[in-house]
Amino acid sequence: MPKFCLRMLTVVLAAACLLGWIAAPVKAANIETSAESAILMDAATGKILYEKNAHKELPPASVTKLMTMLLAAEAVEEGKVKLTDTVTASENASSLGGSQIYLEPGEKFTLKELLISIAVGSANDACVAVAEHISGTHEEFVDSMNRKAKELGLKNTHFANAYGLPAEGHYTSAYDLAILGREALKYQLVSQLTSMKEYELRNGDFKLWNTNKLLWWYEGTDGFKTGWTQEAKYCLASTVKRDGLRLICVVMGVPQVRGHFQESMKMYNYGFANYVYKEFAPAGSKQGEVIVHKGKLQTVDLVSQEAVGLCVEKGKEKECRIETRYFANPVSAPIAKGQQLGEMIIYCGQKEADSIKLVAGEAVGKAGLLEMFKRTVRQSYSMTPPIYAN
């Protein structure tokens, strides 16, 4: 390519980044890691704070179980299964090797006990028992895992089993696992399970200790999963929250023993040293009101569906601002509680950084003819003009 064209291309790309037409590259962090692949991500927005070969397809070992727990949490929330369900171990489940709780065919546990065994003890046999309970067969559950991966847009992920032992066609990436972690954080059950440090199974005869040592070693750690096989080496997907800022870190293919903890702490130290969480409004806070046309109430509060805040580089907090947008004002009744009626946009500089839904704080039914007549009469006698939008 001629030098003139190269110069022009460089100028155009630089201008595009400045104007926000294309995403600027991730800020280069002064981090050297032995991980084959790694990523540090802001959990709230998905903003990448550091990455190394983040989309490389690699075996995840037992970090696979994060997807298993996510699907189980979904099934519980949907009412398909209950934590109190009795699960009977099959011959198939009891035949698994690797880390396990040594299930015997016909042995019975509650679904909750088996999920704890997966989260804390990384039990492969418990994964199969849970999979069979939820989907009927382990194979059908694995199909569900791959459907969920596709639904989440995980482009470098495919599962061959629910537990993570080496298998052909079983791989994922650090980026995909971080996205999976963001989804898992929506389910309190996953956080409860993966934050447990220990558990006594079989009436205290079998003690489980969480393999994620960051729960002891790194302040604010409250979840996710470790993994190791000779093929995958040491892997860890974890999450830490400090002073409102929640980060997700994934490291894969770390060669040294306990290196997945050391490399993760190194990245977290960078993240918390250089970034801060700036909150504009807490979740559920009132952010305005909308006039309701022909409603039993004449206005309805707009509340933020989640906390209005942002991960931002330290020292740049003052460059961020918020803007409220109503979809319509007035709106026509009926209005359902939680119905989106607007959004809050967070800007950093001139660039839109995030948006948060604004929803109706309560339901507003449609006013009857008698109510509308009474309202008109009251307004006429009081000489009070009706409420209209500006």
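## Exercise 1: a hairpin

How many residues lie between β1 and β2 in their hairpin, and which residue in the turn has a positive phi?

Before the solution, note that this is a predicted model: local features need pLDDT of at least 70, side-chain atom pairs count only at pLDDT 80 or more, and totals for chains, interfaces and linings use all residues. Residues are numbered from 1 along each chain as its sequence is written, and side-chain values use heavy atoms, with hydrogens and water left out.

Step 1. Fix the terms. Helices (H or I, at least four residues) and strands (E, at least two) are DSSP runs, numbered from the N terminus. Two strands pair if DSSP finds at least two bridges between them.

Step 2. Check the pairing. 4 bridges link β1 and β2, in the antiparallel sense. Within this ladder, Ile-39 has Glu-51 of β2 as its bridge partner.

Step 3. Read the turn. The hairpin leaves 5 residues between β1 and β2, and Gly-46 in the turn has a positive phi of about 80°.

## Exercise 2: the sheet around β1

Work out the strand order of the sheet that holds β1, then find the helices on it.

Step 1. Order the strands. The open sheet has 5 strands, arranged β2-β1-β9-β8-β7, with antiparallel pairing.

Step 2. Find the edges. β2 (48-52) and β7 (221-229) each pair on one side only, so they are the edge strands by definition of the sheet order.Step 3. Look at the twist. Neighbouring strands are turned by 5° against each other on average, direction ignored. Axes here are lines fitted to C-alpha atoms, for helices over the stretch in contact, and angles run from 0 to 180 degrees between N-to-C directions.

Step 4. Follow β1 to its other partner. Strand β1 (residues 37-42) and strand β9 (residues 245-254) run antiparallel and are joined by 6 bridges. Ala-38 stands opposite Val-251 in β9.

Step 5. Add the helices. Helix α7 (residues 174-184) lies across β1, β2, β7 and β9, at about 35° to β1. Helix α10 (residues 259-274) packs on the sheet and touches β1, β2, β7, β8 (233-242) and β9. The direction of α10 makes about 145° with that of β9. Contact means heavy atoms within 4.5 Å.

## Exercise 3: three partners of α2

Describe how α2 packs against α4, α5 and α6.

Step 1. Choose the descriptors. Two packed helices are described by the angle between their axes and the distance between the axes.

Step 2. Take α4. Helix α2 (residues 65-77) and helix α4 (residues 111-119) pack at about 155°, with axes 10 Å apart. That makes α2 roughly antiparallel to α4. Angles under 35 degrees count as roughly parallel, over 145 as roughly antiparallel, 65 to 115 as roughly perpendicular and the rest as oblique. The α2 and α4 crossing is left-handed. A crossing gets that name if the near helix is turned anticlockwise from the far one by less than a right angle, and is right-handed if clockwise.

Step 3. List the α4 contact. From α2 come Lys-65, Thr-68, Met-69, Ala-72 and Val-76, and from α4 come Leu-111, Leu-115, Ile-118 and Ala-119. By class, these are 7 nonpolar, 1 polar and 1 charged. Ala, Val, Leu, Ile, Met, Phe, Trp, Tyr, Cys and Pro count as nonpolar, Asp, Glu, Lys and Arg as charged, and the others, Gly among them, as polar.

Step 4. Take α5. The axes of α2 and helix α5 (residues 124-135) come within 11 Å and cross at roughly 35°. This crossing of α2 and α5 is left-handed. Lys-65, Thr-68, Ala-72 and Ala-75 in α2 meet Asn-124, Cys-127, Val-130 and Ile-134 in α5. The split is 5 nonpolar, 2 polar and 1 charged.

Step 5. Take α6. Helix α6 (residues 138-151) packs on α2 at about 95°, with the axes 10 Å apart. α2 and α6 are therefore roughly perpendicular. Met-67, Thr-68, Leu-70, Leu-71 and Glu-74 of α2 touch Phe-141, Ser-144, Met-145, Lys-148 and Ala-149 of α6. That contact has 6 nonpolar, 2 polar and 2 charged residues.

## Exercise 4: the mixed sheet

Trace the 6-stranded sheet and its pairings.

Step 1. Order the strands. They run β14-β16-β17-β12-β11-β15 in an open sheet with mixed pairing. The edge strands are β14 (320-326) and β15 (331-332).

Step 2. Start at β14. It pairs with strand β16 (residues 340-348) in the antiparallel sense over 7 bridges. Glu-323 stands opposite Ile-345 in β16.

Step 3. Move to β11. Strand β11 (residues 286-293) and strand β12 (residues 299-304) run antiparallel, with 4 bridges. Val-290 faces Val-300 of β12. Their hairpin has 5 residues between the strands, and Lys-294 takes a positive phi near 60°.

Step 4. Finish at β15. β11 and β15 pair in the parallel sense over 2 bridges. His-293 has Ser-332 of β15 as its bridge partner.
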